[in-house]
Amino acid sequence: RCQWCIGDHVPVESWDEDQEILTILDASKESDERLPNELARPEAMLKLVRDMVAYRKVATFQERGTEQTAEFRIQNVQFSGLIGEPLVARSALVPAMHYLADNGVRVGLFTNAVLMTDDVQRALLRAGYVNVSVDAATGSTYSALKFRGYKQGVSKFDRVIANIESLVRLRRQSGAALAVNTSFIVYPENHQEIYDAAAMLKEAGVDCMRIKQDISGDRLLDESQRRTAAALIARVREDLTSDGFQLFEIHRMDQVELSRRQFTTCNVTNMMGAVGSNGHLYPCNYHPRPGGV
């Protein structure tokens with residue numbers, strides 16, 4: 001329900017024989033068409049991760065002018081959603097995370113942490129990283145941006161912060177190497193909470209906060225709001241950042257144009273693949289949807 005959900009802004013394109021675009025449609029999360037949720041079944045998810053672990057490919061490549069041969073495997077598996085929350089399927093997710101960790105695969109999770117139960121936290125202690133979408137410093141702002149203003153959103157915000165604190169405490173007790181990261185998408189409604197959110201998250205013990213803008217371009221800050229946000233970010237850097245708490249500006253407030261796509265081809269398919277909730281393979285994590293490539 002996040003207002004900036006990227007699932008509302010990923011285009012579905014159709015092309016004619018001359019490679020001319022015929023239509024461009026948004027793949028909205030409100031659509032009646034959804035991929036079947038096959039991977040919510042534990043047996044289906046376990047088959048997938050077993051096949052990932054078993055995958056090996058011997059290939060040749062050029063390095064410094066000489067031909068080399070090596071065996072390649074899947075080294076990193078990240079669980080996330082295009083229009084959904086991975087922990088909705090935690091009965092399938094938790095055993096999969098343990099299986100991957102047992103077999104030396106680095107695991108990552110992108111989540112809102114509302115459903116981060118004890119068994120999820122134990123599995124995360126074996127993971128490489130988790131990123132929690134926080135996006136606010138108060139329950140009212142959180143509810144307005146992520147739960148359509150429903151009053152339950154306020155209590156969910158409190159739960160998220162409590163779950164982060166619990167996970168950090170377990171990490172400290174266990175000595176796990178888990179990186180606990182958080183993200184904050186800057187919106188007109190929350191830009192004034194950047195500093196308070198950073199202070200709260202540092203107090204909770206997270207490793208970093210990642211600042212982003214709305215990449216759809218629909219709800220960017222106006223000039224006055226950008227100045228306010230930039231000043232608060234500067235205060236965070238001055239007052240709060242340290243070896244134990246980092247701030248990363250994925251998108252800078254004064255460089256709006258850099259958050260817009262300015263390319264016609266994408267090389268991400270050479271670095272990663274995406275598996276949809278139906279268990280099918282897609283070129284990237286924007287495509288697992290009805291009509292996706």
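These are my notebook entries on what I looked up in this structure.

**Ground rules.** I'm working with a predicted model, where local features need pLDDT of at least 70, side-chain atom pairs count only at pLDDT 80 or more, and totals for chains, interfaces and linings use all residues. Residues are numbered from 1 along each chain as its sequence is written, and side-chain values use heavy atoms, with hydrogens and water left out.

**Overall build.** I found 7 helices and 12 strands (DSSP runs: H or I of at least four residues for helices, E of at least two for strands). The C-alpha trace spans about 55 × 50 × 50 Å along its principal axes. I checked the radius of gyration too: the protein has 20 Å, which agrees with the value near 19 Å for a compact globule of 293 residues (taken over C-alpha atoms; the rule is 2.2 Å times the number of residues to the power 0.38).

**Inside.** Of the 293 residues, 40% are buried, meaning under 20% relative accessible area with a 1.4 Å probe, protein chains only. I also looked at contacts (heavy atoms within 4.5 Å): of those between residues at least 6 apart in sequence, 64% join residues at least 24 apart.

**Cysteines.** How many disulfides are there? I got 0, using the rule of two cysteine sulfur atoms within 2.5 Å. Why no bond for C2? Its closest cysteine sulfur, in C5, is 6.8 Å away, so that is too far. C284 has its closest one in C266, at 6.1 Å, also too far for a bond. I noted that C284 counts as buried, because its relative accessibility is 13%.

Note on methods:
Buried means under 20% relative accessible area, exposed over 50%, partly exposed in between (1.4 Å probe, protein chains only).
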